[in-house]
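Biologist: Could you take a close look at one residue for me and tell me how it sits in its surroundings? Then walk on from there to whatever else catches your eye.

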Amino acid sequence: MNRSDHRPAALIQGGAVFPHRHLTGIDGLQPHEIAFLLDEAESWVAANRSHAAPDKRLAGLTQINAFFENSTRTLLSFEIAGKRLGADVVNMHAAQSSVKKGETLIDTAQTLNAMRADVIVIRHMASGAVRLIADKVDCPVLNAGDGRHEHPTQALLDALTIRRRKGSIAGQRVVICGDVLHSRVARSNILALTALAAEVRVCAPSTLMPAGIERMGVTPFTDFDAALVGADVVMMLRVQNERMAGGYIPSSREYRLRYGLTPERLAKLPDALVMHPGPMNRGVEIDSVVADGPQSAITEQVEMGVAVRMACLDVLTRRARGVEGWA
């Protein structure tokens, strides 16, 4: 089966809809598998908004959120998602624990496996670390971000936001602008959006543009105003100063002038959707009046994040729970 297979999820039965044991990245997923996860998340959006009686389908299961890299919104989102499904959620702040005492990643994987968790959510500063751990544990693993590699649930929540606001993803012109070089969010979004037939443009200073990125099926720009022509969605990325050793951008002021999403730039795109994965550098890559304006979907992205993570936790644990058609 290739990535052009767009069979509706409804025509594929049970575990064949999503046969993967883990969710370590968007890479390797078929378009219909991505669409299936988005469809599953839709039901949780409705449930969360209705304040209906909680669905505790993960009751009795233990979810470990093992974060080797500090995070607030992603950790909170996964915690809320697990608790709304009835799981026993344990947060492991590994960035402040055994890792600093010299424990290796293999040691940590063995420790997590010995705890007999039912699902593990992992965030790590090293690319590929989540896959390494996933290969050594007996339960499903979800990638909450690993180095510059991937952040799959962020891409899924972004895709869901676009689909809900625009009606579809196919054919949308999406401009991703900012620190593309260091961004796992950009990589996962490119993989998801191109798989779902969006036209993706990436824009960054030459120092923050990965070499050969056009091989991912995107069109690279260094001129933000040129990239924005005809845009349906503008996704801004944070300048990741903590991942830079200096020399990538001359100054925050100059960066805003050339690459910041200002009211003047957005005025040329009255129907464009504004997005940002957060946290934002207000006044650098995006102005506050834009981030808080009527075209912004930034708070909706946060809401979609909980629904997407509920869907992923549900789907990945169905086999272990003996759900009909998945066992």
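Modeller: Proline 220 comes out as partly exposed, with a relative accessible area of 33%; that value is neither under 20%, the cut-off for buried, nor over 50%, the cut-off for exposed. Bear in mind that this is a predicted model. Proline 220 belongs to strand β7, which covers residues 219-221. As for company, leave aside residues up to four places away in sequence, and proline 220 touches Val202, Met209, Ile213 and Glu214. Alanine 291 is another story: proline 220 and alanine 291 are 71 residues apart in sequence, and their C-alpha atoms are 24 Å apart in space.

On to the aromatics. The count comes to two aromatic pairs. One of them is tyrosine 255 with tyrosine 259, a tilted pair with 5.5 Å centre to centre and 35 degrees between the planes. It's called tilted because 35 degrees is neither under 30, which would be stacked, nor over 60, which would be edge-to-face. These two tyrosines sit four residues apart in helix α8 (residues 252-259), so about one helical turn separates them. Tyrosine 255 and tyrosine 259 are both buried, whereas proline 220 is partly exposed.

Helix α3 is worth a stop too. Spanning residues 105-114, α3 has Thr108, Ala109, Leu112 and Asn113 as its buried residues. Those four cover an arc of only 135 degrees around the axis, so they end up on the same side of α3. What lies over them? The cover of the buried α3 residues includes the strands β1 (62-67), β2 (88-92) and β3 (119-124), along with helix α4 (129-134). Just past the end of α3, arginine 116 has a positive phi, about 60 degrees.

Last, the empty space. There is one cavity of 30 Å³ or more in the structure, and the largest cavity holds about 30 Å³. Its lining is made up of Phe18, His20, Val315, Leu316, Arg319 and Trp326. Sorted by class, that lining has four nonpolar residues, one polar and one charged. Phe18, Val315, Leu316 and Trp326 are the nonpolar ones, His20 is the polar one and Arg319 the charged one.

Conventions. Residues are numbered from 1 along each chain as its sequence is written. This is a predicted model: local features need pLDDT of at least 70, side-chain atom pairs count only at pLDDT 80 or more; totals for chains, interfaces and linings use all residues. Side-chain values use heavy atoms; hydrogens and water are left out. On a 1 Å grid over the protein atoms alone, a cavity is a set of points where a 1.4 Å probe fits but cannot get out, and a pocket is an open set with protein on both sides within 12 Å along at least five of seven lines; lining residues have an atom within 4 Å of a point. Grid points are joined across faces, edges and corners, and a volume is the space filled by probe spheres set on the points. Buried means under 20% relative accessible area, exposed over 50%, partly exposed in between (1.4 Å probe, protein chains only). The arc is that of the directions from the helix axis to the C-beta atoms. Contact means heavy atoms within 4.5 Å. Rings of Phe, Tyr and Trp (its six-membered ring) pair if their centres lie within 6.5 Å; planes under 30 degrees apart count as stacked, over 60 as edge-to-face and the rest as tilted.
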